[in-house]
Amino acid sequence: MKHWHFITYTMVALIGFSIITVYSTDLATFGAGGKSYQLTKHLLWILIGSILLITMSKVDYRYLQKARIPILVVSFLLILLVLIPGIGTVTNGARRWIRLGHTFGIQPSEFAKLAIIIFVSAYIAKNQSRMSEFKCGFMIPIVIIAVTGALVIKEPDFGSAAFITILSVIMLIVGGTRIVYVFLTALALVPFVHKMLFEVSYRKDRLMAFMNPWEDPSGTGYHVIQSWIALGSGGLTGLGVGSSKQKLFFLPESSSDFIFTIIGEEFGFIGVLVIICLFLLLMWQGLRIVHATKDVFGFFLGFGITVMFGLQAIINIAVVSGIVPTKGIPLPFVSSGGSSLLFSMIGIGILINIAKQSLESRALNPQLNREPSEDKVARLLPARIWHNMTSKIASFSWR
């Protein structure tokens with residue numbers, strides 16, 4: 001079985017869980033006499049995402065390297081547009097969406113994640129011999145990353161800005177940026193992060209609720225307590241599809257940010273374990289694709305997309321389990337909604353194309369398999385270390 005077949009089947013399985021659970025949460029709204037089109041919208045986004053996935057799997061990913069600046073500029077413009085009253089829609093106190101009628105809406109910060117991955121990958125590929133220098137290897141890319149983060153924070157969306165920054169810095173470190181630059185910059189940002197977390201009331205409340213949610217069980221601690229109740233109610237095998245109690249307007253965002261909780265309640269520990277295993281399989285196949293590519297841009301593009309999926313899954317599961325403070329990070333391919341699902345499926349399409357191009361390159365030039373020492377990616381010391389660390393994972397086979 002080819003890598004891209006396995007990664008596609010894994011994605012389809014995750015989306016299958018998503019459809020079942022979104023349908024289940026929709027039943028609560030219909031049962032209360034209301035009208036909910038969440039499942040219909042979700043299926044429409046899956047259809048659009050599938051079309052874009054197929055398109056990206058057939059378009060040479062190297063074109064993205066050439067279009068890195070226009071893509072980045074478009075992401076900046078979209079974030080600026082969302083900040084304009086009348087264009088950006090305010091939901092729960094934040095202006096993060098550009099609505100297209102009553103059905104569709106785009107969240108520019110989701111596009112920014114993919115845009116910054118493309119930019120950083122192309123930047124490392126172009127400047128691979130100078131990535132250890134302060135100016136070229138750290139200061140220039142970190143300014144672009146900081147501008148992106150600052151625009152996202154203005155929405156405000158500190159969590160997504162932090163996610164984009166962490167993801168980009170991981171890519172830069174693997175690309176050759178010296179860790180000392182990252183460490184010193186992180187130290188310098190401590191006062192700013194402290195101000196953002198402790199001088200903004202609702203963020204401070206979330207942190208306090210994380211420390212002791214039972215101090216305010218009907219307020220700031222409500223989400224995590226209801227999530228615990230749902231996960232605990234599921235037991236080993238769950239209550240059954242459609243039998244969730246917490247979706248009955250007890251747990252907010254039950255079909256989006258907290259959909260993992262509903263899966264735990266209806267499918268139990270077994271269902272939760274299946275979801276975690278599916279994400280591990282997704283990461284494994286992503287690493288195999290990354291490990292196989294000989295192109296620097298393709299290596300970092302695939303690496304960035306794979307890490308993005310893994311980080312989002314870890315954060316979402318940690319949030320609904322009460323391990324980290326509440327933050328609205330969707331579970332890739334599972335949470336309902338448009339932007340996250342759409343750009344995640346585009347990311348899978350890019351991974352498929354990288355896998356196909358790598359296989360075709362090796363078929364046309366078998367010498368690539370016999371001369372790993374000439375591998376351009378391996379010339380980067382951090383990337384070479386990464387190769388060594390993940391080689392056993394990437395080359396693992398069930399056979």
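F299 is buried in this predicted model, with a relative accessible area of 0%. The residue that follows, F300, is likewise buried, and its relative accessible area is also 0%. A search of the whole structure finds eleven aromatic pairs. A pair of aromatic rings is described by the distance of the centres and the angle of the planes. For the rings of F138 and Y181, the centres are 5.9 Å apart and the planes stand at 40°, so this pair is classed as tilted. The two residues belong to distant parts of the chain, 43 residues apart: F138 is in helix α6 (residues 134-153), whereas Y181 is in helix α8 (residues 179-188). F138 is buried at a relative accessible area of 3%, and Y181 also counts as buried, at 15% relative accessibility. The rings of F299 and F300 are arranged in another way: their centres lie 4.9 Å apart with the planes at 80°, so the pair is edge-to-face. F138 and Y181 are joined by F134 in one aromatic cluster.

An aromatic ring also takes part in a contact with a charged group. The charged end of K113 sits over the ring of F163, at 4.8 Å from the ring centre. K113 forms, in addition, a salt bridge with E110, in which the closest N and O atoms are 3.2 Å apart. Both partners of this salt bridge are located in helix α5 (residues 108-126), and because they are three residues apart there, about one helical turn separates them. K113 and E110 are both buried.

In total, the structure contains three salt bridges. One of them connects D60 with R62, with a distance of 3.2 Å between the closest N and O atoms. R62 is partly exposed, having a relative accessible area of 28%. Another joins E133 to R130, and here the closest N and O atoms are 3.2 Å apart. E133 is partly exposed at 36% relative accessibility, and its partner R130 is partly exposed as well, with a relative accessible area of 40%.

The residue Y61 is placed in the loop between α2 (38-58) and α3 (62-66). Despite this loop position, Y61 is buried, with a relative accessible area of 2%. Apart from its neighbours within four places in sequence, Y61 is in contact with T293, D295, F297, G298, L301, I350, N353, I354 and Q357. The contact with Q357 brings together residues that are 296 positions apart in sequence, while their C-alpha atoms are 8.6 Å apart in space.

S344 is situated in helix α14 (residues 339-364). At 4% relative accessibility, this serine counts as buried. A polar atom of the S344 side chain lies 2.7 Å from the backbone oxygen of S340. When residues up to four places away in sequence are not counted, S344 touches F309, P332 and F333.

F333, one of the residues touched by S344, is found in the loop between α13 (296-320) and α14. The phi angle of F333 is near 70°, a positive value in a residue other than glycine. F333 counts as buried, at 1% relative accessibility. A further backbone feature occurs at E155 and P156, which are joined by a cis peptide bond with omega at about 0°. P156 lies in the loop between α6 and α7 (158-175).

With regard to cysteine, the structure holds zero disulfides. The surroundings of two cysteines can be described by their accessibility. C136 is buried, with a relative accessible area of 3%, whereas C277 is partly exposed, with a relative accessible area of 37%.

Conventions. Residues are numbered from 1 along each chain as its sequence is written. Side-chain values use heavy atoms; hydrogens and water are left out. A disulfide is a pair of cysteine sulfur atoms within 2.5 Å. Buried means under 20% relative accessible area, exposed over 50%, partly exposed in between (1.4 Å probe, protein chains only). A salt bridge is a side-chain nitrogen of Lys or Arg within 4 Å of a carboxyl oxygen of Asp or Glu. Helices (H or I, at least four residues) and strands (E, at least two) are DSSP runs, numbered from the N terminus. A polar contact is a pair of N or O atoms within 3.5 Å; within protein, one must be able to donate a hydrogen and the other to accept it, and residues adjacent in sequence count only if both atoms are side-chain atoms. Contact means heavy atoms within 4.5 Å. Rings of Phe, Tyr and Trp (its six-membered ring) pair if their centres lie within 6.5 Å; planes under 30 degrees apart count as stacked, over 60 as edge-to-face and the rest as tilted. A charge sits over a ring if NZ of Lys or CZ of Arg is within 6 Å of the ring centre and within 35 degrees of the ring normal.
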